[in-house]
Amino acid sequence: MTIYTHTLDAVPQTLPVGKVVCVGRNYAAHAKELNNPVPTEPVLFIKPATALVDLEQPVSIPLQFGVCHFEAEMAVLIGERLTSCNEQQAATAIAGVGVALDLTLRELQSALKEKGLPWEKAKAFDGACPISAFVSLQNIEDLQDQQIQLHQNGELQQDGNSADMLTPILPLLVYISQFFTLSPGDIVLTGTPAGVGPLAVGDSLKISLGDIIDVQTKIVERD
Ligand code: ZN
């Protein structure tokens, strides 16, 4: 799979496929719907490159590990290396934005959380991060005013705005880069708004970001 930007007016840019750094509970309404406390600092976790698949292809989900939830999220593609960066460096390192599904094996995650164990199996499994193509920043007026929507079988399930992120994108990149160097081709998922729910084989999904990205896909069973 290639990570690329398809833009209205820029030359497509190819980057290596890297890791995905994710933030949990970055929207207060979503933290509350899962009965989680609203965090005072970003909750970070990582999906490996093997989690990435193309959102525009049918999305296959495993059925043997319990319920798999959709979480629609704004995704940021990193174009320059960031280590302990400041906000200005973070801003110039953003190569584009897209949308992603942070697929979550919710029952498995709850069982692991109860035991105080890491969530990796529930969040970082193969194919756990379907991702759209990326659009370059010159097509976007304000990163922190983008509507994120997910329709499941024609019904609006998630409808949030990036204005409601507890930690906005630039401070989030600064925070992440204190722990994990972000390399060109890495992707940051910025958290999901409220409305997450279970997926079923045969579902059709439509995920959009403002008026710049609109992707449709369907859910199939993993072989
Ligand atoms: Zn998420």
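Let me begin with a word we will need throughout: a residue is buried when its relative accessible area is under 20%, exposed when that area is over 50%, and partly exposed in between, using a 1.4 Å probe and protein chains only.

Hi everyone. What you see above is a predicted model, where local features need a pLDDT of at least 70 and side-chain atom pairs count only at pLDDT 80 or more, while totals for chains, interfaces and linings use all residues. Residues are numbered from 1 along each chain as its sequence is written, and side-chain values use heavy atoms, with hydrogens and water left out.

How confident is the predictor? pLDDT is its confidence in each residue, from 0 to 100. The chain averages a pLDDT of 92, and 94% of the residues score at least 70. Over residues 7–11, though, the pLDDT is below 50. That stretch has nine contacts in the model beyond near neighbours in sequence, where contact means heavy atoms within 4.5 Å.

Now, the metal. Which residues coordinate the zinc ion? They are Glu71 and Glu73, through OE atoms, and Asp102, through OD, at 1.9 to 2.1 Å. To count as a donor, an N, O or S atom must lie within 2.8 Å of the metal, or 3.2 Å for Na, K and Ca; water is not among the atoms, so sites may look incomplete. Along the chain, the donors follow the spacing E-x1-E-x28-D. Glu71 and Asp102 link distant parts of the chain, 31 residues apart. Glu71 is in the loop between strand E7 (68–70) and strand E8 (72–78), and Asp102 is in the loop between strand E9 (94–101) and strand E10 (104–105). About those labels: helices (H or I, at least four residues) and strands (E, at least two) are DSSP runs, numbered from the N terminus. Are these two donors buried or exposed? Glu71 is buried, with a relative accessible area of 3%, and Asp102 is buried too, at 1%.

Let's move on to the strands. Two strands pair if DSSP finds at least two bridges between them. Strand E12 (residues 147–152) pairs with strand E13 (residues 155–161) in the antiparallel sense, over six bridges. One place to look is Gln149, whose bridge partner in E13 is Asp159. E12 and E13 form a hairpin with two residues between them. In the turn you will find Asn153, which has a positive phi of about 50° although it is not a glycine. Asn153 counts as partly exposed, at 45% relative accessibility.

E12 also pairs with strand E16 (residues 204–209), again antiparallel, over five bridges. There, His151 has Lys206 as its bridge partner.

There is an open sheet of three strands as well, in the order E10-E7-E15, with antiparallel pairing. Its edge strands are E10 and E15 (197–198), each pairing on one side only. Two bridges join E7 to E15, and Phe70 has Gly197 as its bridge partner in E15. If you rotate the view, keep this in mind: in a regular strand the side chains alternate between the two faces of the sheet.

Ser84 is another residue with a positive phi, about 40°, although it is not a glycine. Ser84 lies in the loop between E8 and helix H2 (87–93) and is exposed, with a relative accessible area of 51%.

How many disulfides are there? A disulfide is a pair of cysteine sulfur atoms within 2.5 Å, and by this rule the count comes to zero. For Cys22, the nearest cysteine sulfur is that of Cys129, 6.0 Å away. Cys68 is in no such bond because its sulfur is 12 Å from the closest cysteine sulfur, in Cys129, which is too far. Both cysteines are buried: Cys22 at 0% relative accessibility, Cys68 at 2%.

Last, the inside. In soluble globular proteins, nonpolar side chains tend to be buried together. A nonpolar core here is a set of buried Ala, Val, Leu, Ile, Met, Phe, Trp, Tyr and Cys residues joined through side-chain atoms within 4.5 Å. The largest one has 61 residues, and those with the most contacts inside it are Leu101, Ile187 and Val188. Leaving aside neighbours within four places in sequence, Leu101 is in contact with residues including Phe70, Cys129 and the zinc donor Glu71.

Thanks for listening!

Technical notes. pLDDT = per-residue confidence, 0-100.
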